[in-house]
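Student: Please take a close look at one loop for me, and then work outward from there into the rest of the chain. I'd like one connected story rather than a list.

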Amino acid sequence: MESLVDAITHGSTSEQLKAHALYRWLTSQSMVYYGKCKTAKANSPTGKLRQLSEGKTCYAALYQELAKAAGLKCEKIDGYAKVPDYRPGTPMSTNASNNPYKHSWNAVLLGGHYHFLDAGFGALPCKFFVEHFFMTPPDEMRLSHFPKDKRWLLMTQSLSVHDFESTLKTWPTMFAFNIRPLNMKSVLRSYDGRLSITVLLRNVAVTPQLEYVGPGTPQDTDALAFNIDQEIRNVDNAETFHLNLPEEGTYYFTLMVHDLEEDEDIPAFQYRVDYKDELL
């Protein structure tokens, strides 16, 4: 492990550069390849990566070992995370052994201060993830990660797991394009089928998506786009989306960003919208 770390960090002249070199190396490794390395010794780097591919260890544990071999002080943080298929408003802190939201990440000491990184999220094949989850600021990390030990919020403001669950689902795209929704709640409610969502943004093309999940008659997602009126206010650098919900039930509103480099739409944030007509 020591010789591998020396090779990865060769030429790195600071602790931050070493930490980043290890992060980029780990997040770039192919789990498909290491899953086929059946003859590697368990305590070798290849063997440890094979264990990672088999789910017998996690990215955070392996990164911590790499960091320590490089002489860096690194902590492994256990908690909960809003994984890619997480839906806003879903409870996370269940005691089930197979809780899909249990997750681990790291804090590495650089320049006398701890900084967050998540090599597990960074390795996901999603644009902006690898850049966002290295030295992620605490006020951004708290939207996607919640530690069991609240010391690792690295914030003076105390938050509960309920507070964490009550914030909207975000993707790194939101921060990459400096998009700021005015309402940070995870669940929005309408009592008459009307709802307005305002977002601050500049020089970025966005498309709202509305998905209906029931319990009523299934709704076509493409058709629901005609139930959204888009209001652009250039003076305020804001866009407001006026929703006209056709049926009671649960919806998910996702703001998509059009990425010109990839020519594709990428999610930025998501709300759950509950419509219950209490006027009847």
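**From one loop outward**

Tutor: Asp263 sits in the loop between strand E13 (249-259) and strand E14. Keep in mind that we're looking at a predicted model. The backbone here is worth a glance: Asp263 isn't a glycine, yet its phi is positive, about 55°. Most residues other than glycine have a negative phi. As for the surface, Asp263 counts as exposed because its relative accessible area is 58%, and the cut-off for exposed is over 50%.

Now step from the loop into strand E14, which covers residues 264-275 and holds Gln270. Is Gln270 buried or exposed? With a relative accessible area of 6%, Gln270 falls under the 20% limit and is therefore buried. The Gln270 side chain has a polar partner there: a polar contact of 2.9 Å links it to the side chain of Thr254. Beyond residues up to four places away in sequence, Gln270 touches Tyr252, Phe253 and Thr254, as well as Tyr86, Arg87, Pro88, Leu168, Lys169 and Trp171. Elsewhere in this part of the chain, Tyr251, Ala268 and Tyr275 belong to a nonpolar core of 28 residues, which also includes Val204. That core is the second one, separate from the largest.

Two of the Gln270 contacts, Lys169 and Trp171, lead straight to a cavity. Both are in the lining of the largest cavity, together with Lys82, Val83, Pro84, Phe121, Phe129, Phe133, Ser144, Thr170 and Pro172. The volume there is about 60 Å³, and the lining splits into seven nonpolar, two polar and two charged residues.

Follow Val83, Pro84 and Phe121 from that cavity lining and you'll find them again in the largest pocket, where they're joined by Cys58, Tyr59, Ala60, His103, Ser104, Asp118, Gly120, Ala123 and Leu124. Helix H5 (59-69), strand E2 (102-110) and helix H6 (119-122) each give two or more residues to that lining. This pocket comes out at about 290 Å³, and its lining has eight nonpolar, three polar and one charged residues.

There's another cavity to know about, since the count of cavities of 30 Å³ or more is two. The second largest holds about 40 Å³ and is lined by Trp105, Phe116, Pro138, Met141, Arg142, His145, Pro147, Trp152 and Leu153. At least two of those residues come from helix H8 (138-141), and at least two from strand E5 (145-147). The lining is made up of seven nonpolar, one polar and one charged residue. The second largest pocket, with about 180 Å³ of space, has a lining of one nonpolar, four polar and three charged residues. Among its lining residues are His162, Glu165, Lys185 and Arg189, and helix H9 (161-165) and strand E8 (187-190) each supply at least two.

Helix H5 also gives us a way into another packing story. It's one of the elements that the buried residues of H4 pack against, along with helix H2 (15-27) and helix H3 (31-35). H4 spans residues 45-53, and its buried residues are Gly47, Lys48, Leu49, Arg50 and Leu52. Two of these, Leu49 and Leu52, are also among the residues that touch the most other members of the largest nonpolar core, a set of 47 residues. Leu49 itself touches Trp25, Leu26, Met31, Tyr34 and Leu62, leaving out residues up to four places away. After H4 comes Gly55, with a positive phi near 75°.

Back to the backbone theme that began with Asp263. Met135, in strand E4 (residues 134-136), also has a positive phi, near 55°, without being a glycine. Its relative accessibility is 25%, so Met135 lies between the 20% and 50% limits and counts as partly exposed. Then there's the bond between Gly214 and Pro215, which is cis, with omega about 15°. Pro215 sits in the loop between strand E10 (206-214) and helix H11 (221-224).

One last stop is Ser196, in strand E9 (residues 194-200). Ser196 is partly exposed at 45%, and its side chain makes a polar contact of 2.7 Å with the side chain of His242. Setting aside neighbours within four places in sequence, Ser196 is in contact with Thr240, Phe241 and His242.

Terms used: Residues numbered from 1 in each chain as written. Predicted model: local features only at pLDDT ≥ 70, side-chain atom pairs only at ≥ 80, totals over all residues. Heavy atoms only, no water. Helix = DSSP H or I, 4+ residues; strand = E, 2+ residues; numbered from the N terminus. Buried < 20%, exposed > 50% of the residue type's maximum accessible area, 1.4 Å probe, protein only. Polar contact = N/O pair within 3.5 Å; in protein donor to acceptor, adjacent residues only side chain to side chain. Contact = heavy atoms within 4.5 Å. Core = buried A, V, L, I, M, F, W, Y, C linked by side-chain atoms within 4.5 Å. 1 Å grid on protein atoms, 1.4 Å probe; cavity = no way out; pocket = protein on both sides within 12 Å on 5 of 7 lines; lining within 4 Å. Points joined across faces, edges and corners; volume = space filled by probe spheres on them. Nonpolar A, V, L, I, M, F, W, Y, C, P; charged D, E, K, R; others polar.
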